[in-house]
2 protein chains.
Amino acid sequence: MAERAKYTMRDVARLAGVSTSTVSAVINESVVVSPKRKERVLAAMSALDYQPDAIARSLKTGRSNAIGVIVPDITNAFYPEVIRGVEVAAQAAGYSVLLCDSSEDRAIEERHLTALFSRRVDGVILACCVNSRATEQIARRNIPVIFIDRLPPSRAVYSVCTDNVAAGQLAAEHLLGLGHKRIGMLAGHMGLSPHHDRLEGFRKAMQEAHLPILDEYLIAGNVQVEDGVEAGHRLLGLPTPPTAILASNNKLLLGVLQAVEERNISIPKDLSVLGFDDYLWNMHFSPGLTAVAQLTGDIGRKSFELLHQLIQNPPTDDTAPTHMLIPAELRIRNSTARR
Amino acid sequence: MAERAKYTMRDVARLAGVSTSTVSAVINESVVVSPKRKERVLAAMSALDYQPDAIARSLKTGRSNAIGVIVPDITNAFYPEVIRGVEVAAQAAGYSVLLCDSSEDRAIEERHLTALFSRRVDGVILACCVNSRATEQIARRNIPVIFIDRLPPSRAVYSVCTDNVAAGQLAAEHLLGLGHKRIGMLAGHMGLSPHHDRLEGFRKAMQEAHLPILDEYLIAGNVQVEDGVEAGHRLLGLPTPPTAILASNNKLLLGVLQAVEERNISIPKDLSVLGFDDYLWNMHFSPGLTAVAQLTGDIGRKSFELLHQLIQNPPTDDTAPTHMLIPAELRIRNSTARR
DNA sequence: CAATATTATCGTAACGTTTCGCTTGACAGC
DNA sequence: GCTGTCAAGCGAAACGTTACGATAATATTG
């Protein structure tokens with residue numbers, strides 16, 4: 001009984017009494033085939049439980065119907081949500097997804113790209129790592145690539161990102177609207193475009209409110225929980241500490257919360273805090289955490305759609321790449337309050 | 001400049017003045033080739049920036065060096081951690097990962113399996129959905145499949161899972177050790193083996209402590225946050241409510257926490273709570289949440305290792321499949337206290 | 001009814017590798 | 001110098017598809 005069902009188009013053709021071309025025609029509906037024959041072919045196919053070999057097809061057609069997705073760290077809850085958006089859209093369009101994790105390491109990212117190209121993926125969705133050199137590698141091939149979330153040093157690429165400048169502004173304006181004037185920010189890693197842009201949005205909002213940004217209220221650097229703890233203590237230990245803190249990602253926010261806990265400060269009475277990215281558990285903290293949410297599913301879905309479009313309709317070399325901006329959404333809970 | 005670097009083995013062979021067989025031999029180190037020629041071939045390869053075509057190779061060799069991974073919901077934080085373990089191990093062994101999300105839907109799961117088989121993956125790692133019929137589909141092929149996290153109705157498959165019976169027991173014994181006697185459990189979905197097994201472990205521990213399990217303390221059914229809220233209220237509204245609650249997954253736990261919040265009950269003074277799965281933010285809640293952690297990275301890594309072994313060394317039909325159990329780990333924080 | 005247009009189907013040559021049997025040339029033994 | 005051995009390298013045939021030109025069968029026209 002353990003026969004391996006490994007039939008080829010030839011077997012189907014023989015059983016149906018037609019040529020392989022006809023079987024192929026039936027499968028791909030590429031040319032019209034008479035109803036009686038079509039019937040026979042379909043019957044033969046299901047009798048043998050025949051599945052076309054995607055590998056052979058790819059070799060012949062030059063298209064793999066697969067795309068690559070590279071993210072720097074899939075355990076960062078942001079990416080699975082994006083990936084799900086990509087996956088669902090890809091699946092609906094008949095594409096498979098090759099997933100790669102670069103561990104925020106340039107060399108690994110490059111290896112993944114090489115492997116994906118070697119597998120002849122039809123396109124790539126890339127959340128590049130810090131100091132990525134991916135653009136150089138991509139320039140040598142002729143495969144469409146969409147950058148998501150993060151932009152490479154040269155921003156001249158197709159991209160789908162949250163409008164982080166607007167997001168930073170939105171966050172700051174929320175706090176300003178609540179009467180805060182002394183606002184601190186854990187700005188994250190300036191080599192990462194989202195952090196860079198959020199800071200720019202923050203600056204813009206403060207400028208428009210004619211408020212200065214004190215140097216000591218701005219802490220940039222790393223992005224882990226411990227970094228948040230340290231920076232939180234630094235801000236809260238100042239002679240005149242800020243009345244509100246903006247944390248540029250969720251790990252920094254957790255760090256701030258820990259510092260707050262350790263100093264027995266009460267949120268939102270003594271301090272308002274606000275983070276970027278919004279996850280299920282944010283609303284289950286007490287108090288619930290106010291956050292600027294990214295529409296992760298949309299980023300995923302739209303980046304696939306853009307990629308798909310590029311695959312079907314390759315751009316000429318002189319068309320400028322598209323930048324798609326996804327709006328961010330303020331979700332007000334109880335960690336921010338009137339000053 | 002926009003030349004597409006699309007060279008084949010023939011181009012390399014021509015440039016190096018050898019036959020394609022020799023190029024192939026150099027690449028695969030399959031047969032020995034003289035140093036001078038090897039040198040010439042390597043030079044030609046790098047001169048043309050040649051990359052072997054994985055598709056053509058697969059067609060010829062019958063091996064794709066790719067595996068499929070299917071999970072029911074990649075936004076459930078458990079799976080990304082597992083996937084990362086798989087990804088890293090796979091990458092190290094030269095395999096690529098095709099990721100699929102079944103949305104907990106049997107039909108989608110089946111479609112994904114079909115697509116993976118059609119792509120001739122060398123193996124599959126599968127966290128199957130409720131009432132999965134995957135086993136039937138797999139039986140017809142001859143491709144190794146490892147079930148992870150969840151077992152299908154017929155448990156006669158290769159699997160890598162947390163030892164959930166032990167985990168349930170561990171959780172219950174921790175509470176019993178703290179002096180709790182009235183322990184409630186949100187047992188989750190009995191059609192899912194982890195939940196089923198955790199309940200069994202809980203039962204075992206209670207039995208060994210010679211304590212009864214009251215019917216009204218046991219709530220099984222769904223697994224979402226809202227289900228947790230409702231069940232939490234039901235337990236806490238009892239004339240004699242439990243002094244401790246076990247939640248069989250993290251969403252149910254969040255639900256319980258919400259119910260607790262709404263009833264102004266204090267953890268751990270009035271109630272101890274304990275969940276399964278442990279995530280970054282668990283320790284940042286106040287109080288920090290005690291949990292039985294699964295070693296997600298290990299599950300991923302070991303499932304790939306087992307799969308790899310099966311790929312290289314296909315089992316004969318009469319060898320019984322292996323079940324690998326990964327231990328769980330109790331992480332004590334402040335949501336559980338002495339009664 | 002011959003000549004032509006229209007289908008429906010088929011045979012065959014790729015796609016870029018790997019594999020395997022065969023040739024070639026060098027060299028040792030007699 | 002002749003044969004026999006042995007490496008090293010080569011040519012050609014696959015792997016399972018698709019696509020294209022050719023062909024056979026049928027329908028349409030003057």
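In this predicted model, a polar side-chain atom of A:Thr22 sits just 2.4 Å from a phosphate oxygen of DNA strand C. A:Thr22 also turns up among the residues that come nearest to that strand, along with A:Ser34, A:Arg37, B:Ser24 and B:Lys60, out of 23 residues around DNA strand C. Sugar and phosphate make up 70% of the strand C atoms that come within 4 Å of the protein.

Two further polar pairs fill in the picture for strand C. On the backbone side, a polar backbone atom of B:Met9 is 2.8 Å from a phosphate oxygen of the strand. On the base side, an N or O atom in the side chain of A:Lys60 is 3.2 Å from a base nitrogen. As for who supplies the surface near DNA strand C, H2 and H4 of chain A and H2 and H4 of chain B each chip in at least two residues. H4(B) gives the largest share, with four residues. Sorted by class, this surface has eight nonpolar, nine polar and six charged residues.

Now for DNA strand D. It is surrounded by 23 residues, and the closest are A:Ser24, A:Lys60, B:Thr22, B:Ser34 and B:Arg37. Here sugar and phosphate account for 67% of the strand D atoms that come within 4 Å of the protein. A phosphate oxygen of strand D has a backbone N or O atom of A:Met9 at 2.9 Å, and a phosphate oxygen of the strand also lies 3.5 Å from a side-chain N or O atom of A:Lys6. B:Ser21 goes for a base instead: a polar atom of its side chain is 2.9 Å from a base oxygen of strand D. The elements giving two or more residues to the surface near this strand are helix H2 (20–28) and helix H4 (54–61) of chain A, plus helix H2 (20–28) and helix H4 (54–61) of chain B. This time the largest share, four residues, comes from H4(A). The class breakdown for strand D reads eight nonpolar, nine polar and six charged residues.

Turning to a single residue in chain B, B:His195 belongs to helix H9 (residues 193–208). With a relative accessible area of 6%, under the 20% cut-off, B:His195 counts as buried. Leaving aside residues up to four places away in sequence, B:His195 touches B:Ala187, B:Gly188, B:His189, B:Met190, B:Val223, B:Ser248 and B:Asn249. For B:His189 there is a polar pair too, as its backbone nitrogen lies 3.0 Å from a polar atom of the B:His195 side chain.

Technical notes. Residues numbered from 1 in each chain as written. Chains lettered and ligands numbered in written order. Predicted model: local features only at pLDDT ≥ 70, side-chain atom pairs only at ≥ 80, totals over all residues. Heavy atoms only, no water. Buried < 20%, exposed > 50% of the residue type's maximum accessible area, 1.4 Å probe, protein only. Polar contact = N/O pair within 3.5 Å; in protein donor to acceptor, adjacent residues only side chain to side chain. Contact = heavy atoms within 4.5 Å. Near = heavy atom within 4 Å. Nonpolar A, V, L, I, M, F, W, Y, C, P; charged D, E, K, R; others polar.
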